[in-house]
Amino acid sequence: MGFWGTLAFVRSPRPAGTLDALSSWAALGMASWQHGDGWQCVQFRHDQYLDWRTVLIEVMHETARPVLGAFVLDSDGACVLGADPVNGPWSAVLEMEGVLAHLVVPVIEWVDGEETPRMLDDDPEYLRERERLRTALTDMCGPVEDIARRAIRWSAEAGYRAEAEPVVRALSATGGFVEEVFEELCKALGIPAARQDPARPG
């Protein structure tokens, strides 16, 4: 079973758990670890009552520094939000098929004599809804090249010099744990590695 929740990078001389914007997460058991150059990664399991995007924007305003986070769906896909005080927010979807698989569930049909239901993944209504959501997510984020340009501006505001090719490669990656894809995106944007390798969220 994969990880459900948020992984986010914040930049502050204060411990992440002491930031006012993260107080709700900290109260519910937020984990954090140090990266170089003032970055901290925080990990929080899914809570339907907390809007992770709102929290990250509040962190950006409190610290006056860039933030980057991903809401992970069972390690299969993730929605990404980056923001900085100069350029504002940008969004991306990592592993689109994994995200769609969790947000649009096919109808199931129980058949007499069978122990498991059949997934009607060829149902026309299901397929239409899946494509509708794919289009909505693509429209919200924009083409990969545009996302990469905004991400590179984010990187520059953070004091780094990202190159387009590894950013696009991370944004377009498929297969494996999406946490690893997000890690590659963070690396491409210049965020230093963790000072100690944390255990993979499970």
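Modeller: Helices are DSSP runs of H or I with at least four residues, strands are runs of E with at least two, and both are numbered from the N terminus. This is a predicted model, in which local features need pLDDT of at least 70, side-chain atom pairs count only at pLDDT 80 or more, and totals for chains, interfaces and linings use all residues. Residues are numbered from 1 along each chain as its sequence is written, and side-chain values use heavy atoms, with hydrogens and water left out.

Colleague: What follows helix α5?

Modeller: Gly-159 follows α5, and its phi is positive, near 100°.

Colleague: How do you know that the span of α5 agrees with the expected one?

Modeller: The expected span is 1.5 Å times one less than the number of residues. For the 14 residues of α5 (residues 144-157) this gives 20 Å, and the end C-alpha atoms are 20 Å apart, so the two agree.

Colleague: What puts the buried residues of α5 on the same side?

Modeller: Buried means under 20% relative accessible area, exposed over 50%, and partly exposed in between (1.4 Å probe, protein chains only). In α5 the buried residues are Ile-147, Ala-148, Ala-151, Trp-154 and Ser-155. They cover an arc of only 115° around the axis, and therefore lie on the same side of α5; the arc is that of the directions from the helix axis to the C-beta atoms.

Colleague: Why is Cys-186 called buried?

Modeller: Its relative accessibility is 4%, so Cys-186 counts as buried.

Colleague: Why is Cys-186 not bonded to Cys-41?

Modeller: A disulfide requires a pair of cysteine sulfur atoms within 2.5 Å. The closest cysteine sulfur to that of Cys-186, in Cys-41, is 7.4 Å away, and therefore too far for a bond. The structure holds zero disulfides.
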